[in-house]
Each structure stands twice: as structure tokens, then as C-alpha cells.
Amino acid sequence: MGLGTLVRGLIFGKDADRRRRSAKAARIRALPDRRVMADCYVPALAADGGRILWVGCREYTLDDYALLEAQGGEVWTTDIDPAAARWGREGRHRTGDVCEADRLFSDLTFDAVVCNGVLGYGVDSPDQQQCALKALAAILRPGGRLLLGWNTDKIADPVAAGLTDADFQAAPLDVTPVSHPAITRVLG
């Protein structure tokens, strides 16, 4: 336990850090891009069901897993940070680098992968991004969906840069009220 956590606990009570994290998670979930994720993309993927890999676990992603599972999906999670396992799916979480997802999940195939906010936040260089995309393509069934989001303030658009061309093609993801672009695994 860090000194800051100990001091906050003594001053504000033992649940102070949990309340602070929950408030931060609520602020993040209220951001416009996270609202689109929660209101449009997650329900569209939930309607498809199947085995879904969520790359990058934080407290604010817990509600998304629950929605996917309420519709019959089987959510698996992964994060490079071992401490993030607490926000992953118990019994269906693996700690590791997304650039090695094909080794990490060599025993599984996914119907969909959600990789949002990882590119540009740890997977930064075009070579790293291409490595991660190849590894994800290897565990995604033909015709499966990759929902890819990136930090536009940190990296250039990987789709426009052609990093997805070898293994993916753009395809609509039917969401309300309109279709938005997503990425899907090339058949074959």
C-alpha cells in the first residue's frame, strides 16, 4: 500500500480510494466517445453474441462486459498490466501484451475483439500497431469483427495509414441511429 493511499485512508476512511476510482470511472464513462461506445457499439456487438475479447481493462469497462454477457456473449479480457486483472473477467482474463495475443490466446478463437484506446496508449509505433493487429487477426474467426479505436491525439489513424489492409476490411456495424464504420476480419 502506498503512502498516499494510507494517508487518504486515515483521513477519509478506508473506502476513499474506491470512491475516488468510482467517481473517475463515472467521469470517463460520461465522455462523448465512451457514450457512443456504451450506447451504440456495445449493444451492436451484444446482439451478435459469441466469444468477445476486450483488450484493455479498467473499472469503467466493467459495465460494457456486463451488457455483452447479458445478451449471451462470453467476454474474455486481457491487459498488459497484471494489476488490471481485477477489472477483467474472473476465470476469463489473461495478462499479456496485445502484440502477442495470438500466443496468449492460441487455444481460442473470437467472434469479436474490442481494442479501444490501446493504440496510442502503449502500442504506439506503426510497427507495434501492425504487430498487434496481426496478432488479433490470428485469433479472430473469419468474418469476425474488430472494433478498433485509437487515441487520435497520440497517433495517426492506423486505418488511413494502411496498417489494417493486410488482414481487415472496413465494414459497417449496424448501430442505432446510423451505421458507423468498424473493421471486420477478411474472410478466407
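# Notebook: strands, cores and a small set of single residues

I began with the contacts: among those in the protein between residues at least 6 apart in sequence, 60% join residues at least 24 apart. I note at the outset that this is a predicted model, and I read everything below with that in mind.

**Entry 1, overall layout.** I went through the secondary structure and found that it comes to 6 helices and 7 strands. Following the chain along the sequence, I wrote down the pattern α-α-α-β-α-β-β-α-β-α-β-β-β. I then looked up burial for the whole protein, and of its 188 residues 41% count as buried.

**Entry 2, β1 and its partners.** I turned to β1 (51-55), which is mostly covered, since 4 of its 5 residues are buried. Which strands pair with β1? On one count I found 5 bridges joining β1 to strand β2 (residues 74-79), with the two strands running parallel, and within this pair R51 stands opposite E74 of β2. The chain gets from β1 to β2 by crossing through helix α4 (residues 62-70), and I noted that this β-α-β crossover is right-handed. I also found that β1 pairs with β4 in the parallel sense, over 4 bridges, and that the bridge partner of W54 in β4 is V114.

**Entry 3, β4 and β5.** From V114 I went on to the pairing of β4 with β5, where 7 bridges join the two strands, again running parallel. V114, which I had just listed as the partner of W54, also stands opposite L147 in β5. Between these strands the chain crosses from β4 through α6 to β5, and I recorded this β-α-β crossover as right-handed.

**Entry 4, the nonpolar cores.** I next asked which residues of the largest nonpolar core touch the most other members. The core has 26 residues, and those that touch the most others are L53, V55, F110, V113, C115, L136 and L146. The elements giving two or more residues to this core are β1 (51-55), β4 (110-119), α6 (126-139) and β5 (140-150), and the largest share, 6 residues, comes from α6. There is also a second, separate core of 18 residues, which includes V42, A44, A112 and V114. As background to both entries on cores, I keep in mind that in soluble globular proteins nonpolar side chains tend to be buried together.

I followed F110 further, leaving aside residues up to four places away in sequence, and found that F110 touches R51, I52, L53, W76, F105, I139, L140 and R141.

**Entry 5, enclosed space.** I then looked for internal cavities, and how many of 30 Å³ or more are there? The count comes to 1 cavity, and about 30 Å³ of space lies in the largest cavity. Its lining consists of Q130, L133, K134, L163, T164, A166, D167 and F168, and I noted that the largest share of this lining, 3 residues, comes from α6. The helix α6 thus appears again after the core, to which α6 also gives the largest share, 6 residues.

**Entry 6, R94.** I picked R94, whose place is in strand β3 (residues 93-95). R94 and W76 are 18 residues apart in sequence, while their C-alpha atoms are 8.1 Å apart in space. Not counting residues up to four places away in sequence, R94 touches W76, T77, T78, D79, L104, F105, D107 and L108; W76 and F105 are also among the residues that F110 touches.

**Entry 7, P43.** Is P43 buried, exposed or partly exposed? At 31% relative accessibility, P43 counts as partly exposed, because that value lies between the 20% and 50% cut-offs. The place of P43 is in helix α3 (residues 32-48). Leaving aside neighbours within four places in sequence, I found P43 in contact with M37, A38 and L67. I also looked up the spacing of P43 and L68, which are 25 residues apart in sequence and 7.2 Å apart in space, C-alpha to C-alpha.

**Entry 8, A170.** My last lookup was A170, which has its place in strand β6 (residues 168-173). A170 is exposed, with a relative accessible area of 64%, and I count it so because exposed means over 50%. The C-alpha atoms of A170 and R145 are separated by 9.8 Å, with the two residues 25 apart along the chain.

Technical notes. Residues are numbered from 1 along each chain as its sequence is written. This is a predicted model: local features need pLDDT of at least 70, side-chain atom pairs count only at pLDDT 80 or more; totals for chains, interfaces and linings use all residues. Side-chain values use heavy atoms; hydrogens and water are left out. A nonpolar core is a set of buried Ala, Val, Leu, Ile, Met, Phe, Trp, Tyr and Cys residues joined through side-chain atoms within 4.5 Å. Buried means under 20% relative accessible area, exposed over 50%, partly exposed in between (1.4 Å probe, protein chains only). Contact means heavy atoms within 4.5 Å. Two strands pair if DSSP finds at least two bridges between them. A crossover is right-handed if, with the strands pointing away from the viewer, the path from the first strand over the helix to the second runs clockwise. On a 1 Å grid over the protein atoms alone, a cavity is a set of points where a 1.4 Å probe fits but cannot get out, and a pocket is an open set with protein on both sides within 12 Å along at least five of seven lines; lining residues have an atom within 4 Å of a point. Grid points are joined across faces, edges and corners, and a volume is the space filled by probe spheres set on the points.
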